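Visitor: I am new to this structure and would like a close look at a single part. Could you pick a pair of packed helices and walk me through how they meet?

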Amino acid sequence: GDTVLIHQGGSDVGQAAITIALNSGCDIFISTSGAAEIVSLKSMFPRLKDRNFCSFTDASFERHIKKETNGKGVGIVLNSTSGELLRASLRLLASRGRFLNLGPSTAQDAQLMFSGSGGWKDTSFHDINLDTLVTSQGPEWTELTSLVQKGIQSGLVKPLRRTVYSMDKLLEVFKGLEEGKGSGKPLIKIREEEAEKTTLPGRQTFEAVPRTFFYGLKSYVIIGGLGGFGLELAHWMTLRGARKLVLTSRNGITTGYQTRKIAFLKSLGAEVVVSAINVTSQEAADEVVKTATDLGPLGGIFNLGLNLRDALLVEQTAENYRQTLESKIQTTSLLDEISRSPNIRATLDHFVTFSSLSAGHGIPGQTNYGWGNSYMDRLCERRKIEGLPGLSIQWASVADVGFVGTKGNNVVIEGKWPQRMYNCLQVCDYFLSQNRPVVACHVLAEKAKAVVEGEESVLQQVAKAVGNVLGLKSVSSVDPDKAFLDLGLDSLMSVEIKQMLERDLELTLSTQEIQMMTFTQLMAMMKE
């Protein structure tokens, strides 16, 4: 029997609120953006009359509602307004009324709402944040879930308005969303429905961006997890959902950076166990796996261990070979054997080894290292054949951490530039989402050099192509130090520029980096 004001009734939330209010026997008033929205809502809710509608474009709804309620106002306001419209909504709230705020509020809006509460006795104000409800998973969320399930069973909760588009209209759909056009939720039709179900439909393929996630309830072991790459991998996995990590290292924590990084991972919600153990014996391997399974089902094993003992073949020693091969052959073999036990095999999603181009290309002075990495490659191939997870990634030199990081990231090794860490992690997204057992990744120094020395026109062509995406007639006519975002860049343009740079220059940047980039920075980056 409450009287309810629902702002922006044509929105998805507004439609859901109208359904619930009508089902509860409420007298409702709905603010809309215009006549077309009123016609649409009347077709959806035949019980609604002209008196139920008012304008959302100005504060005239206040006069309309006071007239219809004989000056009493409403008992509940479902608010998504600010400024003057918020003030009008507050004035409509009756004694013992409830003000439910759904929209983002400024400090001024908050002051209006809560200072207003002193003007009416027994008036309550509720700032509702659905994200908080979802993440808290508390009793309120449980009750809300139960109400939705009951609503589905009773027919109260119904699908929202929707518009169906074919696959070739994807660009049109996203542009419409950005411009606020379109009616209802957009759905993409992957294929035409069969008139009669006679056989399984053929596989439909289309381009998509791979993105790897990890299970928060599962545990993950990173051998060599306290190294530069290991800590960055642990950080990336935590951002992607991992919450139970076991990091091993022969020497344990030895630097302040390692201590700080682990504390940071814990602040993100991860449970991190550091094990100072050399996984080169059956007992050590069993201990590491038991530590992980005590945290949760084992979801992944990552072997990043390495022990470089470089020397020309005539100068190599048996001890050098033993130390290098232990972390590659022995550790990987032990973990492979344990992962085949039924209880581990049932939960394991990833078995990943970090190999090197020394296995496939060969690097002078690294016969022992190349042998160990080649063994890991072959083992992962065998695991794939046997239906087990297995991935060996052949990296070249990695920048930002370790030996190369201390040299300034500009050391060319065997014709390859060091690969930046952020790019390594982006590539991991793709590698962990595909099915090949052995993959490789590197940055050719010759290609980077060609961009600088080949022709200045290459740089100009790329800059012109970026300008075309931004809708600029001439790149030279704009301030080269102005961010792309300030030149009219939107999210679709960001994706287009990102794909172009990756395709033409093997330059991988995040959409955030592209948004804040300038033409000056882009030219400098390409020359580097």
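Guide: Here is a short tour of one helix pair, with a little background beforehand. This is a predicted model, in which local features need pLDDT of at least 70 and side-chain atom pairs count only at pLDDT 80 or more, while totals for chains, interfaces and linings use all residues. Residues are numbered from 1 along each chain as its sequence is written, and side-chain values use heavy atoms, leaving out hydrogens and water.

The protein has 22 helices and 17 strands; these are DSSP runs numbered from the N terminus, with at least four residues for a helix (H or I) and at least two for a strand (E). Of its 528 residues, 41% count as buried, meaning under 20% relative accessible area with a 1.4 Å probe, protein chains only.

Now to our pair. Helix H12 covers residues 318-339 and helix H15 covers residues 367-385; they pack at an angle of about 10°, and their axes are 8 Å apart. The axes are lines fitted to C-alpha atoms over the stretch in contact, with angles running from 0 to 180 degrees between N-to-C directions. H12 is therefore roughly parallel to H15, a label for angles under 35 degrees.

Where they touch (heavy atoms within 4.5 Å), H12 contributes residues including Tyr 321, Leu 325, Ile 329 and Asp 336, while H15 offers, among them, Trp 371, Met 376, Leu 379 and Arg 382. By class, this contact of H12 with H15 holds eight nonpolar, nine polar and four charged residues. Here Ala, Val, Leu, Ile, Met, Phe, Trp, Tyr, Cys and Pro count as nonpolar, Asp, Glu, Lys and Arg as charged, and the others, Gly among them, as polar.

Methods:
Angles under 35 degrees count as roughly parallel, over 145 as roughly antiparallel, 65 to 115 as roughly perpendicular and the rest as oblique. Buried means under 20% relative accessible area, exposed over 50%, partly exposed in between (1.4 Å probe, protein chains only).
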